[in-house]
Amino acid sequence: MLSGEKPEIADRHVPVVRNIKDNGNMQTENEASDDVIQSETDLTESEKKTDAALNVGGQISVTEDYINDKLEDFLPSGFPIKNGFADISSSMLSIKGETHTEELIQYIRSKDRNGGLSKYSAVLMFLPEKLDIEVVFAVQKGTSGKNELKIHKLVLADREIDVDLLPASMLESLSKAVVKAISNIGEGYEFSSLENGAVILNKI
C-alpha cells in the first residue's frame, strides 16, 4: 500500500487487514482478506442478525440506530406514525414521531371493541390535523419474575393519555410488537434491561 492511500473498508466494519499469527508467520493482506470473505460466508442468518447489533460477551446491545433501521418491526401493522425514531433512557424506550389525528382516531376505534372510547374520540377531534406522538414502553416485572417491556403511556401533542382508557387490544398489540421485534434480533437471547441509548439482551 502506498503512503497516503486509505485502506478499503469491508461491509459491517470488518477490517480488510488483520494481523493474525499462523505458525509464527504473519498473514499477508490478501490472505487476511480471504479469511474475512470466508468468515462472512460462514455466518448463519441468525449470526448476521445478531452481529447487526453489538454482541459482546454473550450480551447484545441493541442501539437506537439499529431500532430506527427496523422501526416498522417495533410497532403493530397499521399504527399511524410517520418520521418515527427511537429514544432510549435507562428506564424507558420511547418511539416518537408524527401522526394524522384522523388516522389515529380510526386506528383507536378499530381496536375499541366495546365502544368505550367515544368521549375520548371527541377530545381527539379538537386536536390539530397533524401532531407529535410518543409511545412509551417501560421495564416491568413479568409473571415469571423476569424484566419485560410494557406499554407505559401515550403522549399526543405533549398531552399524556391515560392508557387505562385506551382499548386493551391496542395496548396488547403495541407490547407484542416490541417483544417480537426484540426476540427476532438474536436467537437464544432475551430482554434484560435498558441503558441510555440501548436495549440490553442477555443469552438465555
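Start by selecting helix H4 (residues 101–111) and helix H6 (residues 168–183): these two pack at an angle of about 105°, and their axes are 7 Å apart. What you have on screen is a predicted model. How are H4 and H6 oriented to each other? Angles from 65 to 115 degrees count as roughly perpendicular, and H4 and H6 are therefore roughly perpendicular to each other.

**Zoom in on the contact**

Now show the side chains where the helices meet. From H4, pick Tyr107, Ile108 and Lys111; from H6, pick Ser169, Met170 and Ser173. Colour them by type and you'll get three nonpolar residues, two polar ones and one charged one.

**Walk along H6**

Stay with H6 for a moment. This helix has 16 residues and spans 22 Å from its first C-alpha to its last, close to the 22 Å expected at 1.5 Å a residue. Which residues of H6 are buried? Select Ser169, Met170, Leu171, Ser173, Leu174, Ser175, Ala177, Val178, Ala181 and Ile182. While you look at how they are spaced, keep this in mind: an α-helix has 3.6 residues a turn, so residues three or four places apart point the same way.

What covers the buried residues of H6? Switch on strands S6 (92–100), S7 (130–141), S8 (147–156), S10 (189–195) and S11 (198–203), and keep H4 visible; the cover includes every one of these.

**Back to Tyr107**

Return to Tyr107 in H4 and add Phe79, which sits in the loop between helix H3 (64–69) and strand S5 (82–88). A pair of aromatic rings is described by the distance of the centres and the angle of the planes. Here the ring centres are 5.3 Å apart and the planes stand at 85°, so Phe79 and Tyr107 form an edge-to-face pair. The count of aromatic pairs comes to one. The two partners are 28 residues apart, so to speak linking distant parts of the chain. Are they buried or exposed? Phe79 is buried at 7% relative accessibility, and Tyr107 is buried with a relative accessible area of 7%.

**Two aspartates to finish**

Next, click Asp162, in the loop between strand S9 (159–161) and H6. Asp162 counts as partly exposed, at 40% relative accessibility. Add His152: it is ten residues from Asp162 in sequence, and their C-alpha atoms are 9.2 Å apart.

Last stop: Asp65, in helix H3. With a relative accessible area of 56%, Asp65 is exposed. Select Asp87 too, 22 residues away along the chain, and you'll find a C-alpha separation of 9.6 Å from Asp65.

Note on methods
Residues are numbered from 1 along each chain as its sequence is written. This is a predicted model: local features need pLDDT of at least 70, side-chain atom pairs count only at pLDDT 80 or more; totals for chains, interfaces and linings use all residues. Side-chain values use heavy atoms; hydrogens and water are left out. Rings of Phe, Tyr and Trp (its six-membered ring) pair if their centres lie within 6.5 Å; planes under 30 degrees apart count as stacked, over 60 as edge-to-face and the rest as tilted. Helices (H or I, at least four residues) and strands (E, at least two) are DSSP runs, numbered from the N terminus. Buried means under 20% relative accessible area, exposed over 50%, partly exposed in between (1.4 Å probe, protein chains only). Axes are lines fitted to C-alpha atoms, for helices over the stretch in contact, and angles run from 0 to 180 degrees between N-to-C directions. Angles under 35 degrees count as roughly parallel, over 145 as roughly antiparallel, 65 to 115 as roughly perpendicular and the rest as oblique. Contact means heavy atoms within 4.5 Å. Ala, Val, Leu, Ile, Met, Phe, Trp, Tyr, Cys and Pro count as nonpolar, Asp, Glu, Lys and Arg as charged, and the others, Gly among them, as polar. The expected span of a helix is 1.5 Å times one less than its number of residues.
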